[in-house]
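Welcome! Please take a moment with the sequence and the 3D view below, and then let us walk through them together.

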Amino acid sequence: MNRISSRFIWVLLALMTAAPAWAAKPGKPKKSSKDEVVTITTPQGVIRLVLFDDTPLHKTNFLKKAQSGFYNGTTFHRVIDNFMIQGGDANSKDADPTNDGQGQPNEPTIPAELVGHPHNYGALAAARMGGPAGTPSSGSQFYLVENHDGTHFLDGQYTVFGQAIQGLDVIDKIAKLPKDPRDRPLADAKMTVKVEKLKRKKITKLYGYKYE
């Protein structure tokens with residue numbers, strides 16, 4: 001092989017292996033211009049939620065269950081005024097109130113996503129069985145913070161993965177329902193849940209929620 005052709009091949013190989021000048025630099029993935037709004041309808045009124053992008057396991061799981069109709073007919077089975085309201089257990093669909101909150105046998109759990117979201121008023125968080133911080137979350141049960149000052153003693157203990165953007169007064173109404181000694185409302189606070197995808201700008205305009 002002569003000198004000219006060897007040099008040509010070397011230059012060609014260099015061009016093939018070099019990154020093109022227009023190649024995008026690695027960085028954070030671009031956020032979608034749209035987001036899901038979860039609407040929970042109860043006899044006491046309507047609650048609307050957004051879910052956080054940085055808790056993707058919990059967001060994906062909750063949306064999947066909501067879109068499949070899993071939550072329709074479940075109830076807020078545990079309510080404590082000035083604290084929180086809890087729901088989402090499939091057992092609450094049946095006629096036996098004593099098994100509410102016990103969960104389904106062998107229900108999959110979700111790894112904790114403790115990324116620093118606080119338990120503010122209206123925060124959506126995943127319930128779980130007892131245990132230290134980092135214990136996996138329930139695959140279905142959740143709670144909404146009703147204390148107007150938040151429940152910050154729970155920060156870093158349970159995964160907060162969303163926020164109520166409408167219906168805080170409805171959370172208050174449910175928390176104040178008459179209940180039995182197990183904190184279960186005497187009258188079912190059943191829910192239906194639907195998911196709607198909207199532009200983030202429209203969500204801000206409609207509900208005043210500001211994305212970071």
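Two residues are in contact, or touch, when they have heavy atoms within 4.5 Å. Helices (H or I, at least four residues) and strands (E, at least two) are DSSP runs, numbered from the N terminus. A residue is buried under 20% relative accessible area, exposed over 50%, and partly exposed in between, with a 1.4 Å probe and protein chains only.

Before we start, please note that this is a predicted model, in which local features need pLDDT of at least 70 and side-chain atom pairs count only at pLDDT 80 or more, while totals for chains, interfaces and linings use all residues. Residues are numbered from 1 along each chain as its sequence is written, and side-chain values use heavy atoms, with hydrogens and water left out.

Let us begin with the whole protein. Its secondary structure comes to 4 helices and 8 strands, and along the sequence these follow the pattern α-β-β-α-β-β-β-β-β-α-β-α. Of the 212 residues, 42% count as buried. Among contacts between residues at least 6 apart in sequence, 71% join residues at least 24 apart.

A good place to look next is helix H3, residues 168-175. Here Val170, Ile171, Asp172, Ile174 and Ala175 are buried. What do the buried residues of H3 pack against? Their partners are strands S1 (34-42), S2 (45-51), S3, S4, S6 (142-145) and S7 (160-166).

This leads us to the nonpolar cores. A nonpolar core is a set of buried Ala, Val, Leu, Ile, Met, Phe, Trp, Tyr and Cys residues joined through side-chain atoms within 4.5 Å. In soluble globular proteins, nonpolar side chains tend to be buried together. The largest nonpolar core in this model has 26 residues, and those with the most contacts inside it are Ile40, Ile47, Phe76 and Ile174. At least two residues of this core come from each of S1, S2, H2, S3, S5, S6, S7 and H3. H3 supplies the largest share, with 4 residues. To see one of the core residues in its setting, look at Ile47: not counting residues up to four places away in sequence, Ile47 touches Val38, Thr39, Ile40, Leu144, Ala164, Gln166, Gly167, Val170, Ile171 and Ile174. There is also a second, separate core of 16 residues, which includes Val37, Ala125, Val160 and Ile203.

Now turn to strand S3 (76-80) and strand S4 (84-87). S3 is mostly covered, as 4 of its 5 residues are buried. Two strands pair if DSSP finds at least two bridges between them; S3 and S4 are joined by 4 bridges and run antiparallel. Ile80 stands opposite Met84 in S4. In this hairpin, which has 3 residues between the strands, Asn82 takes a positive phi near 70°.

Asn82 also has a neighbour worth finding, Glu146, in the loop between S6 and S7. Is Glu146 buried or exposed? Glu146 counts as buried because its relative accessible area is 2%. Among the residues that Glu146 touches, not counting those up to four places away in sequence, are Ile80, Asp81, Asn82, Phe83 and Met84, as well as Ile171, Asp172 and Ala175.

The loop between S4 and strand S5 (123-126) holds another positive phi, at Asn106: the value there is near 60°, in a residue other than glycine. Asn106 counts as exposed because its relative accessibility is 80%. Thr98 is found in the loop between S4 and S5 too. Thr98 and Arg182 are 84 residues apart in sequence and 9.0 Å apart in space, C-alpha to C-alpha.

Finally, let us look for enclosed space. On a 1 Å grid over the protein atoms alone, a cavity is a set of points where a 1.4 Å probe fits but cannot get out, and its lining residues have an atom within 4 Å of a point. Grid points are joined across faces, edges and corners, and a volume is the space filled by probe spheres set on the points. The structure holds 2 cavities of 30 Å³ or more. The largest has about 50 Å³ of space, and its lining includes His58, Asn61, Phe62, Tyr71 and Phe161. Helix H2 (residues 56-68) gives the most to this lining, with 3 residues. The second largest cavity has a volume of about 30 Å³, and among the residues that line it are Ala112, Leu114, Arg128 and Tyr158.

How values were computed:
On a 1 Å grid over the protein atoms alone, a cavity is a set of points where a 1.4 Å probe fits but cannot get out, and a pocket is an open set with protein on both sides within 12 Å along at least five of seven lines; lining residues have an atom within 4 Å of a point.
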